[in-house]
Amino acid sequence: MRKYRIGILGMGTVGQGFINNYHLNKEEIDYKIGGELDFVNVLVRNTVKKRDVNLDKKVYTNQFDNINLKELDVVVELIGGVSSAFEYIKKALENGCHVVTANKELMAKKGIELIKTARENEVLIRYEASVGGGIPIISTLNDSLSSNKIERLMGILNGTTNYILTKMTKEKMSFKDVLKEAQELGFAEADPTSDVNGSDAAYKLAILSKDAFGIIVNPEDISREGIRNISLEDIEYGQELGYKIKLLALGEKSNEHVELSVQPALIPVEHPIASVNYEFNALFIEGNVVGEIMLYGKGAGSMPTGSAVLTDVIDITRKKNDYIGTCSAKDIVVNNIGRSAYYVRMEVVDLPGVLGKIAVSFGEQGVSLDSVVQRARGGKHAPLVFITHEIDRATLNAVLESIQKNNYVLEVMSIIRVVN
Ligand code: HSE
């Protein structure tokens, strides 16, 4: 029986899921690949730590240089971060190993360089687990939808923020309280900054930009806004108007530019992506031929992410193609004009005629309004909520700045994109 010799860098949650997934379904997998996987080396910091995985003790090493890359078929990188992971993967590719990685930050920042190195060395690099955990997003975009031009992507690509927003919506808990609870339950990282500020989703969107649109972007060029400022009040007004608030990764391509952004957005409750709750992820895809498709599942966790890693390894043993295509970095401009409808909540002085004056100011400055809500609070101040028709974000900001000069407008509390 053919043995595929595997080296694994890192043996944390995902690594253990990968090995346990193989042992769980070994018979079927061996049949599919006409061979078996042989876990030859595992690079870890602590070689004697107890792990929930059935591996021979002698495979562990804490020195990358102890691994003989020339003897391996596939290197699986699960250590995360950029610097060492990049160096190890590059060496593995140059030594003729195929590579599988779950590293979103690395693939977002250095993916193209690594894919090119893989090509030059006639090996493959796969990264399904880097976006959406166990959901087959990368292979769907590259293989199953290769007949289509992808026109638009809408993704819930971060489980931590989706969990927080779901709890805020369903249980009326504050952002702070849910985050604390999620950390205690181990759903959220001790340092959740990259999740909460939208960077994690922006890395994932940068990877998808290549696979959906054939465009290489620097993840830093993707405009992002996190969920820290989303209040229960916004969630409740949203519900009253028929929307849910989600942290949305958006990608849209036209001939001249691509719009890529991550931000909280109001989504109509009847849209399929509005029903994606708790730690689940989803990607809503619009292809020019196939129409609308939604992929849904667990975006993190040991077994779901391990399943994506193992599928990549299986694909490699079956010699599937790589995913580089012909990407362009220069012809297309990343544009963040943010043309959209917007939800605006402001605090105003509660006097007769104020709502009318503000509505007139919007109109005079070319902003067309779709809905208005005013809930009486019985004090001197009142909240006013507007939903605009489509407008560029910069124009809306300028109009709001001028409206705020009137002394009956106390503060603009929230501006949230509305996405259909
Ligand atoms: N931290 C990510 C999330 C999971 O909360 O979705 C790994 O990408």
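In the predicted model, the side chain of Asn 103 approaches the backbone oxygen of Gly 81, with a separation of 2.7 Å. Asn 103 is situated in the loop that links strand S5 (98-101) to helix H4 (104-120). The relative accessibility of Asn 103 is 5%, and the residue is therefore classed as buried, the limit for that class being under 20%. When neighbours within four places in sequence are set aside, the contacts of Asn 103 comprise Glu 77, Gly 80, Gly 81, Ala 85 and Ser 130. Gly 81 thus appears both among these contacts and as the residue whose backbone oxygen is reached by the Asn 103 side chain.

The ligand is surrounded by Lys 104, Asn 158, Gly 159, Thr 160, Asp 195, Asp 200, Lys 204 and Ala 300. Classified by type, this shell consists of 1 nonpolar, 3 polar and 4 charged residues. Two oxygen contacts of the ligand can be described. A backbone N or O atom of Gly 159 is placed 2.6 Å from a ligand oxygen atom, and a polar side-chain atom of Asn 158 is found 3.4 Å from an oxygen atom of the ligand. A nitrogen atom of the ligand, in turn, lies 2.9 Å from a polar side-chain atom of Asp 195. The ligand taken alone exposes 260 Å², of which 81% is buried by the protein. Helix H6 (159-171) and helix H9 (199-213) are the elements that contribute two or more residues to the shell.

At the level of the whole chain, the domain assignment yields domain 1 (2-130), domain 2 (137-297 + 322-334) and domain 3 (341-418). Domain 2 is given as two segments. Over C-alpha atoms, the centres of domain 1 and domain 3 are 54 Å apart.

Tyr 237 belongs to helix H10, which covers residues 232-240. With a relative accessible area of 1%, Tyr 237 is buried. Beyond residues up to four places away in sequence, Tyr 237 touches Tyr 343, Arg 345, Val 373, Arg 375, Pro 383 and Val 385. The position of Tyr 237 falls within the 137-297 segment of domain 2, whereas these contacting residues fall within the bounds 341-418 of domain 3. Gly 338 is 101 residues from Tyr 237 along the chain, and the C-alpha atoms of the two residues are separated by 22 Å.

Technical notes:
Residues are numbered from 1 along each chain as its sequence is written. This is a predicted model: local features need pLDDT of at least 70, side-chain atom pairs count only at pLDDT 80 or more; totals for chains, interfaces and linings use all residues. Side-chain values use heavy atoms; hydrogens and water are left out. Helices (H or I, at least four residues) and strands (E, at least two) are DSSP runs, numbered from the N terminus. Buried means under 20% relative accessible area, exposed over 50%, partly exposed in between (1.4 Å probe, protein chains only). A polar contact is a pair of N or O atoms within 3.5 Å; within protein, one must be able to donate a hydrogen and the other to accept it, and residues adjacent in sequence count only if both atoms are side-chain atoms. Contact means heavy atoms within 4.5 Å. A residue is near a molecule or strand if one of its heavy atoms lies within 4 Å of it. Accessible areas come from the Shrake-Rupley method with a 1.4 Å probe; for residues, only the protein chains shown count as cover. Ala, Val, Leu, Ile, Met, Phe, Trp, Tyr, Cys and Pro count as nonpolar, Asp, Glu, Lys and Arg as charged, and the others, Gly among them, as polar. Domain bounds come from an automatic or database domain assignment.
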